[in-house]
Amino acid sequence: MLNQKTCLGIESTAHSFGIGIMDSDGKCLANATDMYRPREGWGIHPMEASEHHKKVCDDVLQKALADAGVSMRDIDIIAFSQGPGLPPCLHAGLNFAGKLAEKNKKPLVGVNHCIAHIEIGRLTTGLDDPVTLYVSGANTQVLAFVSGRYRCFGETQDIGIGNALDKFGRGVGLEFPAGPKIEKMAGKGRYIELPYVVKGMDLSFSGIVTEALKKYTMHQSRGNSDSLKQSNKAFLSDLCFSLQETLFAMLTEVTERAMAHTGKNQALLTGGVAANSRLQEMLDIMCRERDAKFRVVDRAYSGDNGAMIAWTGMLAFDSGIKTKKEILPRQRTDGVEVRWI
Ligand code: AMP
Ligand code: MG
């Protein structure tokens, strides 16, 4: 029997189906995930991802319970990712969570996915009041806690940064997810001029990707001899380098401005793209120059995962927040009342 309270959290907003179990001391007892992989050359298909989640949910639950060494009787709260996300995937998560809660007579709590990324970041890095740069496949947001809510200070006006990298990768024949492959290819390339699109505090990526792909196609069309193939490879490497330099400089600029506006001296980097060492380096330099603290959320907790939903579900439940049994695919970060801070 456990002394602390435990929360089981279910993540299902996009490609990952995760179940995490956290105790009320902030200890992670389990963090099991199974990820849907799109067919080669394709992006995420929402219905296929949802079918994947339905197929793996029981196995992921068994794995999480076994890893934690607990049974459903030891769980006090069940949390699920309520939004934002792909509707069929959110439905799969809610249905599973709802049935589990009903069968085991446990309270059900809905969690905002973006806020969960911040809360697990605060817990695991020790930063108490950061400006958060949340960069994933579908999301790109600069968030900070001001007047009772997490406010969005800047965000993408079109696609998420991860999707932008993946879209470029798809166009040049790199497998999904392309982010890590682009990082590897970027090495020490030569800078090729690309558009730089920061509008006020917001960002736009799709035009940059289109321009990079146009440059790639034009270079490719020059021919197919061995020496040209070699030069095409070098050119692709230059483009990967330039894409990273441009996109990450935009992210760093907006994060820095949010820190200046809010007067906060901590920056937190999270989401799947947080794994990128060039992005980490740029933010680190910016923070050093401002005498601010910078932390990157550990990989186990920076991609989509169930532990972050469990931890935020615990905070929300303890602060008395009640949830309707519904999905909120377009839920805004600042639309959520944060009573626990
Ligand atoms: P998430 O949506 O949070 O699971 O993150 C997935 C996204 O992160 C995908 O778009 C990946 O291409 C991207 N990603 C993962 N690792 C890296 C990396 N090292 N550099 C850039 N992007 C990455
Ligand atoms: Mg995410």
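Which residues are linked with Glu155 in a network of salt bridges? They are Arg332 and Asp334, which join Glu155 in that network. Keep in mind as you look around that this is a predicted model. The structure holds 18 salt bridges, and its largest nonpolar core has 49 residues. Here is a short tour of both, with a stop at helix 8.

**Salt bridges across the chain**

- Let's begin with Arg332 and Glu155, which form a salt bridge whose closest N and O atoms are 3.2 Å apart. Arg332 sits in the segment after helix 10 (306-318) and Glu155 in strand 8 (residues 149-155), so this pair ties together parts that are 177 residues apart in sequence.
- The two partners differ in their surroundings: Arg332 is partly exposed, with a relative accessible area of 39%, whereas Glu155 is buried, at 18%.
- Another salt bridge joins Asp238 to Arg190, with 3.1 Å between the closest N and O atoms. Because Asp238 belongs to helix 7 (residues 226-262) and Arg190 to the loop between helix 5 (179-186) and strand 9 (198-199), the pair ties together parts that are 48 residues apart in sequence.
- Asp238 is buried, with a relative accessible area of 10%.
- Helix 7 also takes part in a salt bridge through Glu245, whose side chain meets that of Arg278 at 2.8 Å, N to O. This pair links distant parts of the chain, as Arg278 is in helix 8 (residues 277-290) and Glu245 in helix 7, 33 residues apart.
- Arg278 counts as partly exposed at 24% relative accessibility, while Glu245 is buried, with a relative accessible area of 17%.

**The nonpolar cores**

- Within the largest core, of 49 residues, those with the most contacts are Ile161, Phe168, Leu247 and Leu251.
- Several elements give two or more residues to this core: strand 6 (131-135), strand 7 (140-146), helix 4 (161-171), helix 5, helix 6 (206-220), helix 7, strand 11 (266-270) and helix 8. The largest share comes from helix 7, with 13 residues.
- For a closer look, try Leu247: leaving aside residues up to four places away in sequence, Leu247 touches Ile161, Leu165, Phe205 and Ile208.
- Another core, of 32 residues, lies apart from the largest one, and includes Ile77, Val109, Tyr134 and Phe145.

**Helix 8 from end to end**

- How far apart are the end C-alpha atoms of helix 8? They are 20 Å apart, which agrees with the span expected for its 14 residues at 1.5 Å a residue.
- At the start of helix 8, Asn276 has a side-chain oxygen that reaches to within 2.9 Å of the backbone nitrogen of Arg278. That is the Arg278 whose side chain meets Glu245 in a salt bridge.
- Which residues of helix 8 are buried? They are Leu279, Met282, Leu283, Met286 and Cys287. These buried residues cover an arc of only 130° around the axis, so they lie on the same side of helix 8.
- Turned away from that buried side is a face of helix 8 carrying the exposed residues Arg288 and Glu289.
- After helix 8 comes Asp291, with a positive phi near 65°.

Notes
Residues are numbered from 1 along each chain as its sequence is written. Chains are lettered from A and ligands numbered from 1 in the order in which they are written. This is a predicted model: local features need pLDDT of at least 70, side-chain atom pairs count only at pLDDT 80 or more; totals for chains, interfaces and linings use all residues. Side-chain values use heavy atoms; hydrogens and water are left out. A salt bridge is a side-chain nitrogen of Lys or Arg within 4 Å of a carboxyl oxygen of Asp or Glu. Helices (H or I, at least four residues) and strands (E, at least two) are DSSP runs, numbered from the N terminus. Buried means under 20% relative accessible area, exposed over 50%, partly exposed in between (1.4 Å probe, protein chains only). A nonpolar core is a set of buried Ala, Val, Leu, Ile, Met, Phe, Trp, Tyr and Cys residues joined through side-chain atoms within 4.5 Å. Contact means heavy atoms within 4.5 Å. The expected span of a helix is 1.5 Å times one less than its number of residues. The arc is that of the directions from the helix axis to the C-beta atoms. A polar contact is a pair of N or O atoms within 3.5 Å; within protein, one must be able to donate a hydrogen and the other to accept it, and residues adjacent in sequence count only if both atoms are side-chain atoms.
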